[in-house]
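Student: Please go through this model with me, one topic at a time. I'd like to start with a single residue and then work outwards.

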Amino acid sequence: MERELAAFGARHLRGDEHVVGNFSSGGTESIILAVKAARDYHREKRPDVTCPEMILPTTAHAAFHKAAHYLDIKVVPVAVDPQSFKVRADDVRQAITANTIMMVGSAPSYAQGVIDPIAELGDLALEKDVWLHTDACMGGFLLPYFKRLGEPVPDFDFSVPGVSSISMDLHKYAYSPKGASLVLYRHKDLRRHQIFACSSWIGYTIINNAVQSSKSGGPMAAAWAVLNYLGDEGYLEIARRKLAAVKKIAAGIEAIDGIRLLAQPQMSLVAYTSDTVNVFHIIDEMNALGWYIQPALSFDNSPAHIHLSINASNVGWEEDLLKDLEECVRIAATLPEGDLVKMVRGALEQIDLENVSDEDIKGLLAMAGIDAGGLPDRMADINGVLDALPPKAREKILTSFVNDLFVQ
Ligand SMILES: Cc1ncc(COP(=O)(O)O)c(C=O)c1O
């Protein structure tokens, strides 16, 4: 089954007969594996590089930061274009050093749903002899269908000669149950570095091609079954309906006073914001009506915004969504910024955020009405406070919160 799934992935992403791949538990695991493969490939090829660097557009998924953290690789961030939210190949070029082992482009990025210029990055990768990974966790499966439906999908897959590896999730738009992803490599010599073998202990010899060792075959069998059950025509039909829904929703958002799209969606992820209304209030209002829409905090040149991932099950609800959204924007515009944000902002000025202790954090959380029991229904104030914090402080506070959540 794993071989069949990998062969499907290679064909779907226009690889030749040399492309190989493996099944993993999700996008994050596929990404960790590709980063490990790139690191170990360069360790062998360029042993002089002792502090490997990975160039990450600010839109690259957090899983790359996790991989860098686990595998001790330095992240070199590159800001994306403030209008298109795509990385510019020239900016990546400027970030390349003698220690660069890997660069990354997304197809599409999670946040704004836009596709990085993979062909240009591929040229750069070949010129500089650097590993290029396309993160197609979100789009690898769906974008080829959108292309068949006539959408102008730029090349992002193995048709781009400089692409070394691709991650493509099955548990997103292939509708497999969670725990299903593929990581693919241009040829076996690259994939070899993903594999871990250990015979240096008293016991059975381990040869793993993934992070997990003992693992369930369930998700793989389920993915194989779903793929075969829905089939090519089934997925094309789902894609057709989804594409129509995305277009309707994007046009509808543009027509609502007070909100605007951050970028034209190139797949099914839609990001929008407001220059006049607190987006966190809009989210609370929408969620109170039973919608589930996701907040995204501001980072670098991307403002706080609202994220929608349009799915097959959302098709048919577009008009209800837009009607409620318009009303929620109107209501949110009448709501004041909470006292909490002002109070906590004041308290924050007294705290050294670099060295904030767990006790300080507990105090802040208590002030925000949060205890280990969970979160309040209305999150606008809390999101407002998090948004006002530097990202490192957000990470510290959330780590402390989750550490307290999972206790007896
Ligand atoms: C572009 C992208 N890459 C990677 C991931 C990580 O995937 P997972 O949540 O399956 O680990 C996601 C998740 O949404 C994603 O959108």
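Student: Where is Asp72 found?
Tutor: Asp72 sits in the loop between helix H3 (62-71) and strand E3 (74-78), where helices (H or I, at least four residues) and strands (E, at least two) are DSSP runs numbered from the N terminus. Before we go on, note that this is a predicted model, in which local features need pLDDT of at least 70 and side-chain atom pairs count only at pLDDT 80 or more, while totals for chains, interfaces and linings use all residues. Residues are numbered from 1 along each chain as its sequence is written, and side-chain values use heavy atoms, with hydrogens and water left out.

Student: Ok, and what phi does Asp72 have?
Tutor: Asp72 has a positive phi of about 60 degrees, although it is not a glycine. As background, most residues other than glycine have a negative phi, and most peptide bonds are trans.

Student: Buried or exposed, that Asp72?
Tutor: Asp72 counts as exposed because its relative accessibility is 67%; buried means under 20% relative accessible area, exposed over 50%, and partly exposed in between, with a 1.4 Å probe and protein chains only.

Student: Which phi does Asp300 have, then?
Tutor: Asp300, which is not a glycine, has a positive phi of about 50 degrees. Asp300 is placed in the loop between strand E12 (294-296) and strand E13 (305-309), and with a relative accessible area of 54% it is exposed.

Student: You mentioned peptide bonds, so what about the one from Ala107 to Pro108?
Tutor: The bond from Ala107 to Pro108 is cis, with omega near -10 degrees, and Pro108 lies in the loop between strand E4 (100-106) and helix H5 (118-128).

Student: New topic: how many aromatic pairs are there?
Tutor: The count comes to nine aromatic pairs, under a rule by which rings of Phe, Tyr and Trp (its six-membered ring) pair if their centres lie within 6.5 Å, with planes under 30 degrees apart counting as stacked, over 60 as edge-to-face and the rest as tilted. One of them joins Phe8 and Phe141, a tilted pair at 5.9 Å centre to centre with 40 degrees between the planes.

Student: Which parts does that pair tie together?
Tutor: Phe8 lies in helix H1 (residues 2-12), whereas Phe141 lies in the loop between strand E5 (131-135) and helix H6 (143-148), so the pair ties together parts that are 133 residues apart in sequence. Both Phe8 and Phe141 are buried, and ring pairs link them with Tyr145 and Tyr235 into a cluster.

Student: And how do Trp131 and Tyr185 pair up?
Tutor: Trp131 and Tyr185 form an edge-to-face pair, 6.1 Å centre to centre and with 80 degrees between the planes. The pair links distant parts of the chain, with Trp131 in strand E5 and Tyr185 in strand E7 (residues 181-185), 54 residues apart. Trp131 counts as buried at 2% relative accessibility, and Tyr185 counts as buried at 0%.

Student: Where's Phe146, and what is it in contact with?
Tutor: Phe146 is in helix H6 and is buried, with a relative accessible area of 1%. Leaving aside neighbours within four places in sequence, Phe146 is in contact (heavy atoms within 4.5 Å) with Glu151, Val153, Ala239, Leu243, Gln266 and Met267. The C-alpha atoms of Phe146 and Leu243 are separated by 7.4 Å, though the two are 97 residues apart along the chain.

Student: Which residues is Lys86 in contact with?
Tutor: Beyond its neighbours within four places in sequence, the contacts of Lys86 include Asp116, Pro117 and Gln266. Lys86 is in the loop between E3 and helix H4 (89-95), and at 27% relative accessibility it counts as partly exposed.

Student: Zooming out, how many helices and strands are in the protein?
Tutor: The protein has 14 helices and 13 strands. The radius of gyration is 22 Å, close to the 22 Å that the globule rule gives for 408 residues, so the protein is as compact as a globular protein of that length; the radius is taken over C-alpha atoms, and the rule is 2.2 Å times the number of residues to the power 0.38.

Student: What share of the residues count as buried?
Tutor: Of the 408 residues, 51% count as buried.
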